[in-house]
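Please look through the sequence and the structure shown here, and then read the report that follows, which takes up charged pairs, cysteines and the interior in turn.

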Amino acid sequence: MKSKNKKAQTPDEKEHARKIAALPCVVCGTYDGSEVHEPEQGMWFISIPLCPACHRGPEGWHGTRLRWSLRKMTELKAINETLRMLA
């Protein structure tokens with residue numbers, strides 16, 4: 001969902017977000033098209049690839065975060081894993 005107060009992405013941010021979306025979910029490994037999660041609004045270069053369930057699902061990041069806690073995943077670990085996958 002796009003916030004009305006959010007700045008438009010730069011071309012470099014768009015390209016980076018495209019690369020993130022092509023990665024598997026950093027939490028569960030699902031490789032079926034990822035959503036791009038920004039840890040903080042507008043911080044595209046530390047964004048994380050998440051499947052819909054791990055992102056917006058009732059047990060995902062914007063829910064109870066159960067899917068994350070069962071895998072002992074934190075946002076910082078997810079950022080680290082994302083950067084590893086991009087390397």
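## Charged pairs within a helix

In this predicted model, R18 and E15 both belong to helix α1, which covers residues 11–21, and they are three residues apart, about one turn of the helix. Their side chains meet in a salt bridge, with a distance of 2.5 Å from N to O. R18 is partly exposed, its relative accessible area being 48%, and E15 is also counted as partly exposed, at 33% relative accessibility.

Helix α4, made of residues 75–86, holds R84 and E81, three residues apart, about one turn of the helix. These two residues form a salt bridge in which the closest N and O atoms are 2.4 Å apart. R84 counts as exposed at 52% relative accessibility, whereas E81, with a relative accessible area of 23%, is partly exposed.

## A pair that links distant parts

The structure holds four salt bridges, and one of them joins R56 to E35, with 2.5 Å between the closest N and O atoms. This pair links distant parts of the chain, since R56 lies in the loop between α2 (52–55) and α3 (66–70), while E35 is in strand β1 (residues 35–37), 21 residues apart from it. R56 counts as exposed, with 54% relative accessibility.

## A buried arginine without a partner

Which charged residue is buried yet has no salt bridge? It is R67, and the nearest side chain of opposite charge, that of E59, is 4.9 Å away; a salt bridge would need a side-chain nitrogen of Arg within 4 Å of a carboxyl oxygen, so this pair does not qualify. R67 has its place in helix α3. Leaving aside residues up to four places away in sequence, R67 touches V27, C28, C51, A53, C54, E59 and G60.

## Cysteines without disulfides

A disulfide is a covalent bond between the sulfur atoms of two cysteines. The structure holds zero disulfides, and the sulfur distances help to show why. For C25, the closest cysteine sulfur is in C28, and at 3.8 Å it is too far for a bond. For C54, the closest cysteine sulfur is in C51, at 3.6 Å, which is again too far for a bond. The cut-off used for a disulfide is a pair of sulfur atoms within 2.5 Å.

Are C25 and C54 buried or exposed? C25 counts as buried, at 4% relative accessibility, and C54 counts as buried too, at 0%. When residues up to four places away in sequence are not counted, C25 touches T30, S34, P49, L50, C51 and C54.

## The nonpolar core

The largest nonpolar core has twelve residues, namely C25, V26, V27, I48, L50, C51, C54, W61, W68, M73, A78 and I79. The elements that give two or more residues to this core are β2 (48–50) and α4.

One further residue of helix α4 is L83, which counts as partly exposed at 45% relative accessibility. L83 and I48 are 35 residues apart in sequence, and their C-alpha atoms are 8.9 Å apart in space; I48 is one of the residues of the core.

Technical notes: Residues are numbered from 1 along each chain as its sequence is written. This is a predicted model: local features need pLDDT of at least 70, side-chain atom pairs count only at pLDDT 80 or more; totals for chains, interfaces and linings use all residues. Side-chain values use heavy atoms; hydrogens and water are left out. Helices (H or I, at least four residues) and strands (E, at least two) are DSSP runs, numbered from the N terminus. Buried means under 20% relative accessible area, exposed over 50%, partly exposed in between (1.4 Å probe, protein chains only). A nonpolar core is a set of buried Ala, Val, Leu, Ile, Met, Phe, Trp, Tyr and Cys residues joined through side-chain atoms within 4.5 Å. Contact means heavy atoms within 4.5 Å. Lys and Arg count as positive and Asp and Glu as negative; His and the chain ends are not counted.
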